[in-house]
Amino acid sequence: MLTSILFPLFFTISIYLFLGYFNAKASEFFDFTAELEVSLIEGVISGLVVVLLETYIFKKHFRKSKSIIRIGLKTIIYGIVIYLTKFGSSYFYVSSESAEFISTYSKDYLGILTSRGIFYSLGVHMSAVIVALFLIEIDSFLGQGATMNLLLGKYNNAKEENRVFMFMDLKSSTTIAEKLGHLTYSKLIQDCFIDVTKALLKHKGSVYQYVGDEIIISWKNIDESNIEDIVNTFEVFRDTLKNKSEYYTKNYDVVPEFKAAVHKGKVVMTEVGELKREIAFHGDVLNTTARLEGLCNEKGYSLIVSNTIYNLFVNPETYKLIELGGLDLRGKHEKVIAYGMLPYVL
């Protein structure tokens, strides 16, 4: 939405600087205020249409299509949307008193429809759209925001951050995999990871890694004021799977259930790799969270949190947190206390 609004404005300002600043005669027939108004109208309309298409069409019906097909289809559709938007705004523009001087446009629809100016503007706009679509596709592989972080070199030098991690994986995964076979099991995992998206978007979690049937989720800046986002993410995901039980039963003869563990601490974020670069987290927080997640089957809970997370809850009794004892970790002097959430029992 912001890109759709900002790009036409940037394009208009650039043309103004080129024509108005460097050419005194050209500035006489360039109505900057009118152009800026039209650009804003174009940006808002095209942005709204793109947001609606992304939310209700592409994310729902083209998730599993090939990237090249998805990009091509989006390019065609967005090109038509932008062209029609420019056509409508251009007619509005040339119909105003401030635009009578423009000779490249005619006041009739056919003249606007075939004018060189509108195709030039469309070409520039679409070039940016295509680049943006490729970046979006790359970002979906690397993780939200990872592409820009890599391009800008944000983590060229290691940085320490305080983060919350949730390790979440499928219950009885070995049994289900043997029952379904590898191909069908892989499709089941894909569906589950698609369904977790709603919970992540709603509660601002980001995916760090997918490891087999496990998903590692991360949050930044979690404190007492928004710790509920962690529990609610797990709850929304569970509810989504329950609501789609008919779909999963029909296609896989099983309704998937997940177990999870949550821990918080300092990690180091840095770029790693040469042939394949990515932004990685380093620190024992990850190892501790993995160990806590391993306790789920042993202790009989679907959701286990560490004492670090427990201390963030303003009213722990509301969530019925049950102390499960200490977790001895090699190299650490202090035990990590585990707490099971009573509503989430295996």
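Let's start with K204: at 70% relative accessibility, it counts as exposed, because exposed means over 50% relative accessible area, buried under 20%, and partly exposed in between, with a 1.4 Å probe and protein chains only. K204 sits in the loop between α9 and β2 (206-211). Its phi is near 60°, a positive value in a residue other than glycine.

Quick word on what we're looking at: this is a predicted model, where local features need pLDDT of at least 70, side-chain atom pairs count only at pLDDT 80 or more, and totals for chains, interfaces and linings use all residues. Residues are numbered from 1 along each chain as its sequence is written, and side-chain values use heavy atoms, with hydrogens and water left out.

Okay, the whole chain. The protein chain has 13 helices and eight strands; those are DSSP runs numbered from the N terminus, H or I of at least four residues for helices and E of at least two for strands. Of its 346 residues, 44% are buried. And if you take contacts (heavy atoms within 4.5 Å) with a separation of 6 or more, 68% of them are between residues 24 or more positions apart.

Now, the helix I want to stay with is α9, residues 182-202. Which helices does α9 pack with? I'll go through α8, α10 and α11. For the geometry, axes are lines fitted to C-alpha atoms, for helices over the stretch in contact, and angles run from 0 to 180 degrees between N-to-C directions.

Take α8 first, residues 173-180: α8 and α9 pack at about 125°, with their axes 6 Å apart. That makes α8 and α9 oblique to each other. The labels go like this: under 35 degrees is roughly parallel, over 145 roughly antiparallel, 65 to 115 roughly perpendicular, and the rest oblique. S173, I176, A177 and L180 of α8 make the contact with H182, T184, Y185 and L188 of α9. By class that's five nonpolar, three polar and no charged residues. Here Ala, Val, Leu, Ile, Met, Phe, Trp, Tyr, Cys and Pro count as nonpolar, Asp, Glu, Lys and Arg as charged, and the others, Gly among them, as polar.

Next up, α10, residues 228-243: its axis and that of α9 come within 8 Å and cross at roughly 140°. So α9 and α10 are oblique as well. On the α9 side we have C192, D195, V196, K198, A199, L200 and K202, and they meet T233, V236, F237, T240 and L241 in α10. The split for this contact is seven nonpolar, two polar and three charged.

Then α11, residues 245-252, which packs against α9 at about 165°, with the axes 11 Å apart. These two are therefore roughly antiparallel. From α9, T184, K187, L188, D191, C192 and D195 meet three tyrosines in α11, namely Y247, Y248 and Y252. That contact has five nonpolar, one polar and three charged residues. Past α11, in the loop to β4 (258-272), D253 has a positive phi of about 55° although it isn't a glycine.

Last stop, C192 in α9. Buried or exposed? At 0% relative accessibility, C192 counts as buried. Leaving out residues up to four places away in sequence, C192 touches F237, L241, Y248, P256 and F258. C192 and L241 are 49 residues apart along the chain, yet their C-alpha atoms are separated by 7.7 Å.
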